[in-house]
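Subject: Structure handover: salt bridges and cysteines

Hello,

Here is the structure I promised to pass on. Please open it alongside this message; my notes on the cysteines and the charged side chains follow below.

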Amino acid sequence: MQDEVIEIFQNSGALLRGHFVLSSGLHSSVYLQCAIALQSPSVAAKFGSAIADQFRSQRIETVASPAIGGLIIGYEVARHLNARFIWTERENGVMTLRRGFRVSKGERILVVEDVITTGGSTRETIDALTKAGATVVAAVSIIDRSDGRADVGVPRSSLATLNVPSVAQADCEACQRGDIATKLGSRTANSK
């Protein structure tokens, strides 16, 4: 499905090229705007079904996603698995369960994200869930832009994998040329 996922991102205008500051604070010449790709319910359903197919035998009770990027795809995966859906969000800079969401001791959870670059939001979500007593079975994303390098502490998969360089601002060639970076993500980073 890798080629199909990338084609959908390209055709919908969700694969952008330029100079971007990612949610992680790293800089990249490629940005994946999942909200654009997932604005089509048929695309969200297709991706959700494909991810759910990977985990049908895993006895997933709940799907959890970090807000805001993982909400649409997480909900779709939960719908296809007939599982409960919850999310984590930052409170005072710390990823946490809010809005009355609770998990049971040992509850089997799949963490679903839209794009993984460093795995930071996914790791923070896993930490919040395990501290609350749940068992995180695995993590999955639509796209892994780390080319498999991001470690989130549990088995991880994706529908598509890209090797898209992302670098610190100090190492960014576009910044050194004086190119202005665009910040499109939902999380405020400490970089410019």
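To begin with the cysteines, the structure holds 0 disulfides. Cys-172 takes part in none, and the nearest cysteine sulfur to it belongs to Cys-175, 3.7 Å away. Please keep in mind that this is a predicted model.

Why is the sulfur of Cys-175 not bonded to that of Cys-172? The two sulfurs lie 3.7 Å apart, which is too far for a bond, because a disulfide needs the pair of sulfur atoms to be within 2.5 Å. The two residues also fall into separate accessibility classes: Cys-172 counts as buried, at 5% relative accessibility, and Cys-175 counts as partly exposed, at 23%.

Now the charged side chains. Side chains of opposite charge can pair when their charged atoms come close. In this model the count comes to 11 salt bridges. I describe some of them here.

One of them joins Arg-84 and Glu-107, with 2.8 Å from N to O. This pair links distant parts of the chain, 23 residues apart: Arg-84 is in strand 4 (residues 84-91), while Glu-107 is in the loop between strand 5 (94-97) and strand 6 (108-116). Glu-107 is buried, with 7% relative accessibility, whereas Arg-84 is partly exposed, at 33%.

Another joins Arg-99 and Glu-89, with 2.6 Å from N to O. Arg-99 sits in the loop between strand 5 and strand 6 and Glu-89 sits in strand 4, so the pair ties together parts that are 10 residues apart in sequence. Arg-99 is exposed, with a relative accessible area of 58%; Glu-89 is buried, with 11%.

Which residues are linked with Arg-99 and Glu-89 in a network of salt bridges? Glu-91 and Arg-98 are, and the network therefore consists of Glu-89, Glu-91, Arg-98 and Arg-99.

There is also a salt bridge between the side chains of Asp-53 and Arg-56, with 2.9 Å from N to O. Arg-56 is partly exposed, at 45% relative accessibility.

When you go through the model, I would look at the two cysteines, Cys-172 and Cys-175, with their sulfurs 3.7 Å apart, and then at the network of Glu-89, Glu-91, Arg-98 and Arg-99.

Regards

Note on methods:
Residues numbered from 1 in each chain as written. Predicted model: local features only at pLDDT ≥ 70, side-chain atom pairs only at ≥ 80, totals over all residues. Heavy atoms only, no water. Salt bridge = Lys/Arg side-chain N within 4 Å of Asp/Glu carboxyl O. Buried < 20%, exposed > 50% of the residue type's maximum accessible area, 1.4 Å probe, protein only. Helix = DSSP H or I, 4+ residues; strand = E, 2+ residues; numbered from the N terminus.
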